Amino acid sequence: MTKQLIIAEKPSVAQDIARSIGGFTRQGDYFESDEYVLSSAVGHLLELAVPEEFEVKRGKWSFANLPMIPPHFALNPIEKSAERLRLLAKLIKRKDVTGLINACDAGREGELIFTYVAQHAGTAKPVKRLWLQSMTAQSIRDGFLRLRSAQEMSGLREAAMCRAESDWLIGINGTRAMTAFNSKSGGFHLTTVGRVQTPTLAIVVEREERIRAFKSRDYWEIEARFGVSAGEYVGRWFDEKFKKPEDDEHANAHRLWEKSRAEAIRAKCEGKPGKVEEESKPSTQMSPLLFDLTSLQREANGRFGFSARTTLQIAQALYEKHKVLTYPRTDARALPEDYVGSVPGILGALPDVYNPFATEIIKRGWVKPNKRIFNNAKISDHFAIIPTGTAPKSLTEAEHKIYDLVVKRFLAVFYPAAEYLVTTRITRVDGEAFKTEGKVLVASGWLAIYGKEAAVEGEEASGSLVPVKQGEGATTEEVLVKANQTKPPARYNEATLLSAMEGAGKLVDDEELRAAMAERGLGTPATRAQIIENLIAETYMLREGRDLIPTAKAFSLVTLLKGLGITELASAELTGEWEYKLGQIEKGQLSRADFMGHIEAMTRDIVERAKTYDSDTIPGDFGILETPCPKCGGLIRETYKKFQCSDCEYSLWKIVAGRQFEAHEMETLLTTGRVGPLLGFRNKMGRAFNAEIRLNDDKMPEFDFGQPRDGEGAEAPDFSDQQTLGTCPKCGGGVFEHGTTYVCEKAVGPEKSCDFRSGKVILQQPIEREQMEKLLTSGKTELLRNFVSSRTHRKFSAMLVWDAKAGKVGFEFEPRAPKATAAKKTAAKAAEGDVPAEAETKVIAPKKKAATTKAATSKPKTTRAKKVTKTE
C-alpha cells in the first residue's frame, strides 16, 4: 500500500495533525496510519554553504578572494538537528512513500524549510502543499481536502530561496570586505554587517548622535492655585493661540522661552479673580490587542526588565515544554475567524484565579465575531499568542509572569471598553488661560481584570476635580513660575528598539517600498531578539541598565559605510526594496534570475568600493581630544583609524588586538598614563582577554597584565600605599590590587613563594574590591549576575568561592529547593548560560566540590608588558 509523507515544521503541529485526522500510531519521532506517514522538522535543519570545491581554504578575509559568489549553493546540516534530518531523509526514501505533503508553516520560511529538506534528500517525488492559518481540528481536515499543487507554490518557493541566498551573499561578502578593509594596516579586525543587523545598528547610532549633539534650552511654565467654595485646584498656563512650529519639536502650548514673559504673566495674574469655564464629556478606552511576539517582548521588558531573548525563551518553554501557550514566534495580533467556537473551551479551562473573568465573558456572550479579534486578513504564518487551555504546572516565577501577561490580555480583549468622564476646566485670569483636567473612571470594563494594575496597563485616571458652582468665580491664591530645561531624546532600550525595528518601514521615503515593508519591518518576530543579542556580542552595543548604547565600533562602521558610499547597508531602504521585489517574485512578476543578478551586482559593487578606497580619506564627524600630545603638546585629532597629533608624527591606533578604543578611554590613558582593565581584546588565536593599558617611557601604549618580569633584576611591587584586602587563603600573606588582578604579596617579585591571584574581571563580570574582601574573609562572594559563558556567550549568575581542596577560586550556584529532576537540568543549563538569570528563579544547589574557573586563577601567557603600537 502506498502512502503520502506529511512533513510539518515542528513536532507540536505534527501532533495536532495526527489528532485531527486520526488513525495514527506513534513510531518514535514519526506517526503512521494506513494512508500517511507523518513527521516534522524542528525549525531549520539545513543552512547555506559554499560548495567545497569553491570554498577558499586560506585567505577568505582577503580582498584577493572577494567577492565570494558561488555558481550554486550547498546545503549543510545544522549539527544540533542532524538526527531529525536523517530521519526525514529516510522516510522520504521509503519505497511505499510515493508523494510528499508540505505541512510546514504557511509562509516564506515554512516553504524554505521544506524545500531544503526535499532538495537535500534528492527526491523527485510529487509534492502537495497543506496551507493552514488555523490549527483547529476542522481547519486541518478542511486543509487536506484542498491541498495546493507544487506549481501554485513556485513563486513563494523561489522568493524564499532568493531571500536566503541574497542574505548570505550580502552578509558574507559585506562582512569579509569590511573586515579586510579595517585590517589593511595589519592585524585582524572582524567587522560584521548584515541586511537587518546593520540598519538596526544605524537606528541606534543615529539616536546617540542626536543625544550627543543635543543642546538643552531653558524654558518656563506657570502654575496657579485657585480657590472656590468647595476647595482648591491647580491649573497650568497655556497659550490659546499656540500653533506647533515645524522646526521645533520641543515647543508646546505650556512652555515659555523667556523668563521675563513668564514673570510678567505671574505678576499680571497674582491675586486677580478668575472666570471658570468647564466641559465634561465621556471617553472610552479599548483593551490592547492580543500579543504578538514583539509586543509581548516590549511589555515584558517594560514591566519586568526581561531582555527580548529572555522573553522569547520563556514563551518558547511555555509553548513547547508546558504547552500552555500557542506558538510564540508570530507577528499576528488576531485569531482566525473560525476560532470563535474554540474560545469558550479555552476560557473554561483556565486556572481558577482567572475563573471570575472567564465566567463573566461566557455568561455575557462577549465571544462573538469581531474583526478586531477574529480576522483572517490580519494573520500570516501564525495567529496571536493566547493560552491553550492546558493547566499550567510547576511554572517558575518568570514563566508565571509571562503566562499571566498573555492570559490577562486574552481575557481583556473580550471585555467591553473602559469608560471615563473627562472634565476640562479653563480658568481665565485677566486674559490669561489656565487649564485643569480631570478624568474619572465610570465603568472599569477590561481594566477590572488588572485591578490595581490598571494604571500600568491603561491610562492613569487623574481623579475628579473640586466642583465649581454654576457662575462661581475663582480666587487666585498663588502663581508659581517653574524653570526647566529641554531633554535629549531617550536612548533606546530593548522595548523601544523592538518597536523601531517593527516600524522601520516608516523611515523609508519611497511609497512602494514603504508599503512592501508595512507588514514586516526589520527582521521578523523570531529573529529580532537575536539581532539585538548579536550586536551586543559583537560589541557594537552595550547594555547599561536597560539602555542600549552604541560603542565606538558602531560609529566607526556607520562612518565607514557612509564614506564608502555603501549607505544601503545601513538603511531600511534595502529591506524595503527586497521585500518589494520578493513580493513580485511571489506573484510571478519578477524572475528569480533577475533578482539574483541584481544581488550579485550589488555584492560586487560593495567589495569593489571597499577594495579601492584609501582608509586615510574616510570622512567622518571626528573630534579632538582635550588632552594634548604627550610629545609636543599639540592637538590630537581623531581620524578613521587613529588618534593623530596635528603637529608631530605621534599617533595611537584606535583598534588594538581586535578592540576599538573609545575616545574617553584614550583621554584617560593620555591623562593618567594607564586605563583599564578593559574587556574584549582578542589574541591571535581569537581568544578573548582583558588587560590594563599603560604608556611606556616612549609614551606608547602597551599591555599591563600586572605581572612584572620574573628573574634577575625583577623587583617586588610596593604595596605600602595600599590597604590589604584580606589574608591569602594559600599562605597567609596579604592580598592586594595589582594591575588586572588581586594578588598575594608573596606571589610577585624575585622571591615569590605563593601563586594566589584572581582576576579583577572574570568571564566579563567585574569583581569589585568589596567582593574580593568577602571572598577572603568568608570564603565566598555575594551572588554576581553578569558572568558570560565563554562557550555559549550567555549570562549566568554565581558566587565565587575558595575551593581549598583544588586550591583555586571557583563557582558556586544558589541553593534551590529540592524538586523534580527536570528542574535540576534547567538550573544546570543556567550555570552554563543557556537559561537567562532573570528567566529562572530556581538555581542549582552547591556541589560538594566547587567548579573552578581557569579565568579566575590562571596566569596570562604573556609575562611582560607588550607593545601595542600597531593594530593587532
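In the predicted model, Glu472 is located in the loop that runs between helix H13 (454-457) and strand E15 (474-485). With a relative accessible area of 18%, which falls under the 20% limit, Glu472 is therefore classed as buried. When residues up to four places away in sequence are not counted, Glu472 touches Val228, Ser229 and Val276. Of these, Ser229 lies 243 residues from Glu472 along the chain, and yet the C-alpha atoms of Glu472 and Ser229 are separated by 8.5 Å.

The largest nonpolar core comprises 90 residues, and Met178, Leu497 and Met541 are the residues with the most contacts inside it. Helix H5 (residues 154-182) supplies the largest share of this core, namely 12 residues. For Met178, once neighbours within four places in sequence are left aside, the contacts are with Thr191 and Val193, with Leu560, Leu561, Leu564 and Ile566, and with Ile606 and Ala610. A second core of 48 residues is separate from the largest one, and Val343, Val367, Ala384 and Tyr415 are among its members.

Burial was also examined along helix H2 (residues 82-92), which is mostly covered, 8 of its 11 residues being buried. The buried residues of H2 are the leucines Leu85, Leu87, Leu88 and Leu91, together with Ala82, Ala89, Ile92 and Arg84.

The packing of two helices is described by the angle between their axes and the distance between the axes. For helix H8 (residues 293-304) and helix H12 (residues 397-412), the axes come within 11 Å and cross at roughly 120°; with this angle, H8 is therefore oblique to H12. The crossing in which H8 passes H12 is right-handed. On the H8 side, the residues that meet H12 are Leu296, Glu299, Ala300, Arg303 and Phe304, while Lys401, Ile402, Leu405, Val406 and Arg409 are their counterparts in H12.

Farther along the sequence, an open sheet is formed by 4 strands, arranged in the order E26-E27-E28-E29 with antiparallel pairing. Strand E26 (726-727) and strand E29 (757-759) occupy the edges and have a single partner strand each, so that one side of each remains without a neighbour in the sheet. Within the sheet, strand E27 (residues 734-738) pairs with strand E28 (residues 741-744) in the antiparallel sense, over 4 bridges, and Val735 has Cys744 in E28 as its bridge partner.

Terms used:
Residues numbered from 1 in each chain as written. Predicted model: local features only at pLDDT ≥ 70, side-chain atom pairs only at ≥ 80, totals over all residues. Heavy atoms only, no water. Buried < 20%, exposed > 50% of the residue type's maximum accessible area, 1.4 Å probe, protein only. Helix = DSSP H or I, 4+ residues; strand = E, 2+ residues; numbered from the N terminus. Pairing = 2+ DSSP bridges. Core = buried A, V, L, I, M, F, W, Y, C linked by side-chain atoms within 4.5 Å. Contact = heavy atoms within 4.5 Å. Axes fitted to C-alpha atoms, helices over the stretch in contact; angles between N-to-C directions. Parallel < 35°, antiparallel > 145°, perpendicular 65-115°, else oblique. Left-handed = near helix turned anticlockwise from the far one by under 90°.
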